[in-house]
Amino acid sequence: MKLRRHPWVQAIALVLLCTASAPGIALAQSEKPVVEISPGRAKAFRVAVQRFRDRAQPLRPSRADDLRAVIGDALDFTGILLPLDPAAYLGPDDSAPLSNRGRSDCPDWSQSGADALVEGEIRSGTGTLEIEFAVWDTARCVRLARKTITWDASEAIRLGRTVADEIVAAFTGTPGCAATEIAFVSNRTGHREIYVMDVDGRYTRTATRSDAVKSFPAWLPDAVGILYTSYTRSGLTNLYVTSRSQVRAGRLFPSLLPGYAKFRGVFAPDGEAVAIVASTHGRSDIFTVHRNTGKVRQLTDTPAIEVGPSWSPDGKRLAFVSDRAGSPQIYTMNRDGSDVKRITFNGHYNTSPAWSPKGDWIAYETRVEGQFDIWLVDPTGTTALPLVTNRRSDEAPSWSPDGRKIAFSSTRRGTADIYLIDRNGENLQRLTRNQGDNLAPAWGPFPR
Amino acid sequence: MSSSTQASWLDEQEALQRRNWRRGVLLSVVLHGCVAAGLLYAPEPEPMRLPEVISVKMVSLPGAPPAPPKAAPRKAVPKPTPAPAPTPARTPAPAPKKVLLPKRPQKVSKKRKPKPKPLEYDDALAALRDELGEPDPPVASEEEVSDADLLATAEPAVSPGAGVEVDPALAKWLLDTRRHLRQVWVVPPDFLEQGLVTGLIVTLSASGDVLGQPEITRTSGNPYFDENTVRALVRASPLPPPPESGDWPFQFSADEGP
């Protein structure tokens, strides 16, 4: 009896008892099933955008509301975070001064149905407009981003769209593409000129103005200019740059490959090299030219026609078109011309490759019964899928810089127009209408 | 397609097709002639003679024979269709042939108690997929997901193949929790087709409240996706009351299948 009352004995007995009975009264951690969750139907977050505090001069009563409308439209365009109707807000509609403190009203916003809350302030500088804003995750009540963006005061719309793109980046890591632009070729004035428009098809402006025929616009990597092809008076084609004044406009590499017709140029993602299609004596090959040194390297050297270079996002490989197997097909190769691989095997006529910014797909056009459809193929050529199919022709795919959308030209309404479609084949949008033929879209990079 | 180079391709291509067509017609005429000559001059075959008696020996079997496994129909390589373009799926491994797996059971009546599914079925299915080099089956849309479907993956995380059955109360909680989280979890297209999987441990109260911040035990490699799973769990709180309070393992997978 004395032994049983000893405190050490009692403690050991208690431990043994607990150890022995534990499995019986609770599931051990290792025995608990893993709750496996797969995606449901919800594809877009909901965001509450407050009216930003307006401290800019001169005073304009509608500035904050206009900005909120621009941000909302831009968020709708990207489709990752959809704006909530302010009438549903359980929190204040107007932004308070930004601070580094936490929020106490997250449950209100969460209950409003908002996954995200955006607050901000508008300020003015010398000829500029500045917006400071913060993005909140309402469920965890954590601030995901706080940024300041400054633009020319005349570009308030671009400023609002950039804010929207940054809100998307705070939730996904990749900005939206609402503030980017699309270059294209149009004969709306009777001449084939290069034009630039916003991604919603508005604010179209001319980038070139001459009588010569132009084609194949391709953006400089920092979006300050556009490289394009134009016929010269001698009848040959050459490469030119049209600029927004940051770089020198004019003919590119005037002494390059004399006697060759330069059909097309595409800058590498790092901007260091340009892939060029040049033709002489009935054959066409792909070259690269170093932007600063002018050093030329011939990448293809076969009797076949080889055109349509498109860089991989890391700049290490190029997709291109070759008819070396008897019909035009898509191939890839290293940037020095080695390791050539054919990646399209379906269809007898596949052209216009466009490598996606994430590197996972190459869009191309394929001829089916005399017209063209747009397909996707992975860079190894293992999987090919239709993206855009129609009785009329869909051609010249070009990826948005965020990889979420593709621009292309289509004759589905008679004349050729520029359309957009999501990468998953949804949300077809027509950008140009009733203004001649609009061709060869080239989606610009993120603004820097 | 505006350059003269590409236009010349078109011309060459059409000339080549015309040449091929002429050769094909000529070859076809020659082959038909050969076949007709063979039929005219071939000797008549002798009729097959049958044996006068056919004997059959009956043997007894130890038991009812198992039903022969149904041959899985093979799916051809997908062709382009004029229907709306499908979602592009990333399947890096070559899959020249697809095998249609047996359909999952139809919607189970809610009055019936959901019968937990033993592990062997899914293990066998997984082994079959591995053998055929097939990826996991696609996830059905919300409307198509039945209770049985949801339960199919609600097995305990014990050694595979052990055949352990899930306690009905636990199975119901797993079902309710999965359904609840699938409604709350927002997965933008950015996160799909990359095989992102995040594992977490979540502390739940007896009433299903998420206590504190879920802890990530297995990162997907994409911090925004990891953050998104934590957000979903916090936003979904309270979950259905669990069989017992404490830590519970969760796994979020963005893979919708091919």
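This briefing describes selected features of chains A and B, from overall make-up to individual ring pairs. The model is predicted, and every value below is computed from it. Across all chains, a search of the whole structure finds twelve aromatic pairs, and two stacked pairs in chain A are set out in detail below together with the sheet formed by strands 11 to 14 of that chain.

**Chain B as a whole**

- The secondary structure of chain B comprises five helices and five strands, which follow one another along the sequence in the pattern α-β-β-α-α-α-β-β-α-β.
- Of the 258 residues in chain B, 30% are buried, and the accessible surface of the chain amounts to about 17200 Å², with 60% of that area belonging to carbon and sulfur atoms.
- Among the contacts in chain B with a separation of 6 or more, 76% are between residues 24 or more positions apart.
- One residue of helix 4 (residues 168–184) of chain B is Ala171(B), which counts as buried because its relative accessible area is 1%, under the 20% cut-off.
- Ala171(B) and Pro243(B) are separated by 72 residues in sequence, while their C-alpha atoms are 9.7 Å apart in space.

**Helix 3 of chain A**

- Helix 3 of chain A, which runs over residues 63–78, contains 16 residues and spans 23 Å from its first C-alpha to its last, close to the 22 Å expected at 1.5 Å a residue.
- The buried residues of this helix include Ala64(A), Leu67(A), Arg68(A), Ile71(A), Leu75(A) and Thr78(A), and the list also holds Arg63(A), Val70(A), Gly72(A), Ala74(A) and Phe77(A).
- In an α-helix, residues three or four places apart point the same way, because there are 3.6 residues a turn.
- Gly79(A), just after helix 3 of chain A, takes a positive phi of about 80°.

**The sheet of strands 11 to 14 in chain A**

- Four strands of chain A form an open sheet in the order 11-12-13-14, with antiparallel pairing.
- Its edges are strand 11 (214–219) and strand 14 (250–251) of chain A, each of which pairs on one side only.
- Strand 12 and strand 13 of chain A pair in the antiparallel sense over seven bridges, and Gly225(A) stands opposite Ser243(A) in strand 13 of chain A.

**Aromatic pairs and clusters**

- Of the twelve aromatic pairs found over all chains, one joins Phe184(A) and Tyr195(A), whose ring centres are 5.9 Å apart and whose planes meet at 25°, so the pair is stacked.
- This pair links distant parts of the chain, with Phe184(A) in strand 8 (residues 181–186) and Tyr195(A) in strand 9 (residues 193–198) of chain A, eleven residues apart, and both residues are buried.
- The rings of Tyr228(A) and Tyr240(A) are likewise stacked, because their centres lie 6.0 Å apart and their planes are at 25°.
- Tyr228(A) belongs to strand 12 (residues 225–231) and Tyr240(A) to strand 13 (residues 237–243) of chain A, twelve residues apart, so that this pair too links distant parts of the chain.
- Tyr228(A) counts as buried at 10% relative accessibility, and Tyr240(A) is buried with a relative accessible area of 18%.
- In chain B, ring pairs link Trp185(B), Phe191(B), Phe225(B) and Phe252(B) into a cluster.

**Charges over rings**

- Arg188(A) lies over the face of Tyr195(A), at 5.0 Å from the ring centre, and Tyr195(A) is also a partner in the stacked pair with Phe184(A).
- The charged end of Lys32(A) sits over the ring of Trp248(B), 4.6 Å from its centre.

Note on methods: Residues numbered from 1 in each chain as written. Chains lettered and ligands numbered in written order. Predicted model: local features only at pLDDT ≥ 70, side-chain atom pairs only at ≥ 80, totals over all residues. Heavy atoms only, no water. Expected span 1.5 Å × (residues − 1). Buried < 20%, exposed > 50% of the residue type's maximum accessible area, 1.4 Å probe, protein only. Phe/Tyr/Trp six-rings, centres within 6.5 Å; stacked < 30°, edge-to-face > 60°. Lys NZ or Arg CZ within 6 Å of the ring centre and 35° of its normal. Contact = heavy atoms within 4.5 Å. Areas by Shrake-Rupley, 256 points an atom, 1.4 Å probe, with all protein chains shown as cover. Pairing = 2+ DSSP bridges.
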